[in-house]
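Student: Hey, I've just been handed this one and I'm new to it. Can we go through it together?
Tutor: Sure, have a look at it here.

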Amino acid sequence: MFAQEQFEGIDIYSVIQDFDHNYWFATDQGIYLHDGYTFKKIESSEMRSNSVFNFVINSKGVIYCSNLNQQVFQLKNGKWAAQVTIGY
């Protein structure tokens with residue numbers, strides 16, 4: 001099975017493919033990138049919760065997601081940056 005070893009014990013909540021054909025995985029342990037060859041966990045010091053959900057992509061290829069702490073993130077220049085925190 002695809003990525004069985006990489007995601008053993010990890011819950012995957014959302015998967016999206018960007019315009020460069022990379023796959024992004026939203027999991028209970030954070031965000032993972034698959035470039036067609038390798039998997040990489042994406043770190044962000046701004047994230048208050050590792051559980052990430054709800055990938056969406058707009059017509060310009062910008063990807064957004066959210067986490068359990070009501071933060072919304074945007075993929076910008078290959079890095080995830082917090083856009084807004086709702087309710088804080």
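Tutor: What follows is a chat about the strands, a pocket and a few residues of this predicted model.

Student: Okay, how are the strands of the open sheet ordered?
Tutor: That sheet has four strands in the order β1-β2-β3-β4, and the pairing is antiparallel. The edges are β1 and β4 (39-42), each of which pairs on one side only. On average, neighbouring strands in this sheet are turned by 25° against each other, ignoring direction.

Student: How many bridges join β3 to β4?
Tutor: Four, with β3 covering residues 30-34 and running antiparallel to β4. As an example to click on, isoleucine 31 stands opposite isoleucine 42 in β4.

Student: I see histidine 34 in β3 too. Is that one buried or exposed?
Tutor: Histidine 34 is buried, because its relative accessibility is 8% and the cut-off for buried is under 20%.

Student: What does the side chain of histidine 34 reach?
Tutor: The backbone nitrogen of glycine 36, at 3.2 Å. Also, histidine 34 and glutamine 17 are 17 residues apart along the chain, and their C-alpha atoms are separated by 9.4 Å.

Student: Switching topic: what's going on with β5 and β6?
Tutor: Those two pair in the antiparallel sense, over four bridges. Look for isoleucine 57, whose bridge partner in β6 is isoleucine 63. The hairpin they make has five residues between the strands, and glycine 61 there takes a positive phi near 90°.

Student: And why is β6 described as largely enclosed?
Tutor: Four of the five residues in β6 (residues 63-67) are buried, so the rest of the structure largely encloses that strand.

Student: Which strand comes next to β6 besides β5?
Tutor: β7 (residues 71-76), joined to β6 by three bridges and running antiparallel to it. Serine 66 has valine 72 in β7 as its bridge partner. β6 and β7 also form a hairpin, this one with three residues between the strands.

Student: What's the phi of glutamine 70 in that turn?
Tutor: Positive, about 60°.

Student: Which other residues have a positive phi without being glycine?
Tutor: Histidine 21 is one of them, with phi near 70°. Another is asparagine 54, at about 60°.

Student: Where do I find those two?
Tutor: Histidine 21 lies in the loop between β1 (12-17) and β2 (23-27). Asparagine 54 has its place in a strand, β5 (residues 52-57).

Student: Are they buried or exposed?
Tutor: Histidine 21 is exposed, because its relative accessible area of 58% is over the 50% cut-off. Asparagine 54 is exposed as well, with a relative accessible area of 52%.

Student: Last thing, pockets. What's the volume of the largest one?
Tutor: About 160 Å³. As background, rolling a probe the size of a water molecule over the atoms shows where empty space is left.

Student: Which residues lie nearest the centre of that pocket?
Tutor: Asp18, Asp20, Asn22, Trp24 and Leu75, out of 11 residues that line the largest pocket.

Student: And what classes make up the lining?
Tutor: In the largest pocket, four lining residues are nonpolar, four are polar and three are charged.

Methods: Residues are numbered from 1 along each chain as its sequence is written. This is a predicted model: local features need pLDDT of at least 70, side-chain atom pairs count only at pLDDT 80 or more; totals for chains, interfaces and linings use all residues. Side-chain values use heavy atoms; hydrogens and water are left out. Buried means under 20% relative accessible area, exposed over 50%, partly exposed in between (1.4 Å probe, protein chains only). Two strands pair if DSSP finds at least two bridges between them. Axes are lines fitted to C-alpha atoms, for helices over the stretch in contact, and angles run from 0 to 180 degrees between N-to-C directions. On a 1 Å grid over the protein atoms alone, a cavity is a set of points where a 1.4 Å probe fits but cannot get out, and a pocket is an open set with protein on both sides within 12 Å along at least five of seven lines; lining residues have an atom within 4 Å of a point. Grid points are joined across faces, edges and corners, and a volume is the space filled by probe spheres set on the points. Ala, Val, Leu, Ile, Met, Phe, Trp, Tyr, Cys and Pro count as nonpolar, Asp, Glu, Lys and Arg as charged, and the others, Gly among them, as polar. A polar contact is a pair of N or O atoms within 3.5 Å; within protein, one must be able to donate a hydrogen and the other to accept it, and residues adjacent in sequence count only if both atoms are side-chain atoms.
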